[in-house]
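Student: I've got a structure to look at and not much time. Can you walk me through it?

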Amino acid sequence: MVRPLRGTLTRLTRPPDRLRVGPFREGAFTSSLHSQRTAAWLGLFLGISFSVCFVTGLASHAIQHPPAWFHWPARPVGLYRATQGIHVAAGLASIPVLLAKLWTVYPRLWTWPPLESLAHAAERLSLLPLVGGAVFMLFSGLADIALWYPWTFFFPAAHFWVAWITIGALVVHVGAKAAVTAAALRRTQGAGTVSSGAGLTRRGFLTTVAAGAGTLTLTTVGQTLRPLSRLGLLAPRRPDVGPQGLPVNKTARDARVVHLARQPSWRLLVEGKVTTPLSLTLDDLRALDQREARLPIACVEGWSANADWRGVPVRALLEMAGADASSHVAVESLQAKGLYRKSVLNPSHARHPDTLLALALGGEPLHIDHGYPARLVAPNQPGVMQTKWVARLVVL
Ligand SMILES: Nc1nc2c(c(=O)[nH]1)N[C@H]1C(S)=C(S)[C@@H](COP(=O)(O)O)O[C@H]1N2
Ligand SMILES: [Mo]
């Protein structure tokens with residue numbers, strides 16, 4: 001198989017004169033910034049940032065859709081806040097680096113002959129899922145944190161499956177390029193000082209890309225690092241802006257619960273596998289022992305903020321109802337429709353003393369957009385699982 005292909009291709013070694021125009025011209029790309037060494041440095045950064053995104057993304061996915069073997073602990077309290085903050089920050093910082101990398105290597109699209117052997121064909125073909133996947137991952141992630149959905153597919157599923165394709169193609173690519181990359185990085189001669197002709201040295205170019213990535217990080221990471229919140233010019237959220245000084249993703253109006261949440265007939269039901277089903281009014285709940293906990297809301301979109309919550313430990317409610325200690329607990333909202341109207345607590349989260357049915361935030365009753373009359377708040381959980389406007393706990 002390889003032989004005949006190679007035979008045909010060597011005959012093609014010189015492109016037909018007719019084609020030797022534009023990018024096919026001899027020396028069409030003069031900038032030394034298209035060098036292997038530049039590509040290697042950018043590739044190294046992308047290899048690391050994509051691996052970080054992949055691992056943190058898998059964790060986030062497993063927490064929200066836990067397989068039987070997976071256990072996510074309630075401590076450390078802010079672990080998810082850190083992993084998801086890093087996930088989004090690493091993805092954002094990758095954007096300028098990926099653009100620079102694509103610019104650095106695009107002249108190779110016109111190498112001649114286009115295919116030299118089956119291995120070369122396979123390597124070139126693997127660029128399709130790699131580049132397509134990488135662009136898709138960063139674009140869809142960016143659009144998601146901006147709450148912009150210019151597509152019909154379901155973002156979490158697409159972002160998850162394309163991540164596997166991208167990382168698979170990345171592994172193949174790194175395998176194919178390992179030797180070249182290592183050699184390019186080891187080479188010391190003219191390290192970064194060669195002029196590109198356009199004025200920028202390689203070092204200058206790489207520094208510019210790094211500065212771009214750094215600036216993007218500094219102007220967005222304030223969505224989770226409070227001390228940098230004032231620098232968050234490009235961040236979709238500021239962690240201190242919103243009712244009661246906390247951002248809101250879904251308002252009570254958007255969730256269509258304004259009327260229901262204010263009904264005096266509201267009750268918290270504790271049902272399912274219990275010995276004593278409960279139906280409690282807001283005053284009943286307020287009369288129970290209250291507990292305070294400082295816990296973050298850490299949204300999958302990368303913003304997060306700590307807050308002081310006060311309410312009834314879910315554990316106390318489960319004990320009152322006589323629930324089995326090893327059971328999972330579904331937390332259901334008044335919200336009739338929507339993906340995040342319900343969440344499930346694993347047994348250790350459900351029994352953690354700081355897992356609260358919160359009634360107050362920062363010393364005041366919950367704002368309706370934060371889940372009045374009662375919301376779930378648990379340590380080390382993604383924001384999507386911190387169900388607001390709770391109506392029912394179902395012991396499973
Ligand atoms: N019922 C319900 N609860 C919900 C949501 C929702 O859409 N419906 N959104 C969740 C998401 S995505 C986040 S990040 C947190 C945000 O909580 P906050 O608005 O109080 O900051 O609420 C969560 N609780
Ligand atoms: Mo969220």
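Tutor: Start at the ligand. An N or O atom in the side chain of lysine 388 is 2.6 Å from an oxygen atom of ligand 1. That is a polar contact (a pair of N or O atoms within 3.5 Å).

Student: Which side-chain atom of histidine 370 comes 2.6 Å from ligand 1, and what does it face?

Tutor: An N or O atom of histidine 370, facing an oxygen atom of ligand 1.

Student: And what does glutamine 386 use, side chain or backbone?

Tutor: Backbone. One of its N or O atoms lies 3.0 Å from a nitrogen atom of ligand 1.

Student: How much of the ligand's accessible area does the protein cover?

Tutor: On its own, ligand 1 has 530 Å² of accessible area, and the protein covers 97% of that. Such areas come from the Shrake-Rupley method with a 1.4 Å probe.

Student: Hang on, where do these numbers come from?

Tutor: From a predicted model: local features need pLDDT of at least 70, side-chain atom pairs need 80 or more, and totals for chains, interfaces and linings use all residues. Residues are numbered from 1 along each chain as its sequence is written, chains are lettered from A and ligands numbered from 1 in the order written, and side-chain values use heavy atoms, without hydrogens and water.

Student: How many residues surround ligand 1?

Tutor: 19, with Pro247 and Arg375 among the closest. Here a residue counts if one of its heavy atoms lies within 4 Å.

Student: New topic. Where is isoleucine 63?

Tutor: In helix α2, residues 36-64. Helices are DSSP runs (H or I, at least four residues), and strands are too (E, at least two), numbered from the N terminus.

Student: Why does isoleucine 63 count as buried?

Tutor: Because its relative accessibility is 4%. Buried means under 20% relative accessible area, exposed over 50%, partly exposed in between (1.4 Å probe, protein chains only).

Student: What does isoleucine 63 touch?

Tutor: Phe70, Trp72, Tyr80, Gln381, Pro382 and Met385, leaving out residues up to four places away in sequence. Contact means heavy atoms within 4.5 Å.

Student: Any odd backbone spots? Where is asparagine 380, for one?

Tutor: In the loop between β9 (375-377) and β10. Its phi is near 55 degrees, a positive value in a residue other than glycine. Asparagine 380 counts as buried because its relative accessibility is 2%.

Student: And arginine 256, buried or exposed?

Tutor: Exposed, at 72% relative accessibility. Its phi is also near 55 degrees.

Note on methods:
A polar contact is a pair of N or O atoms within 3.5 Å; within protein, one must be able to donate a hydrogen and the other to accept it, and residues adjacent in sequence count only if both atoms are side-chain atoms.
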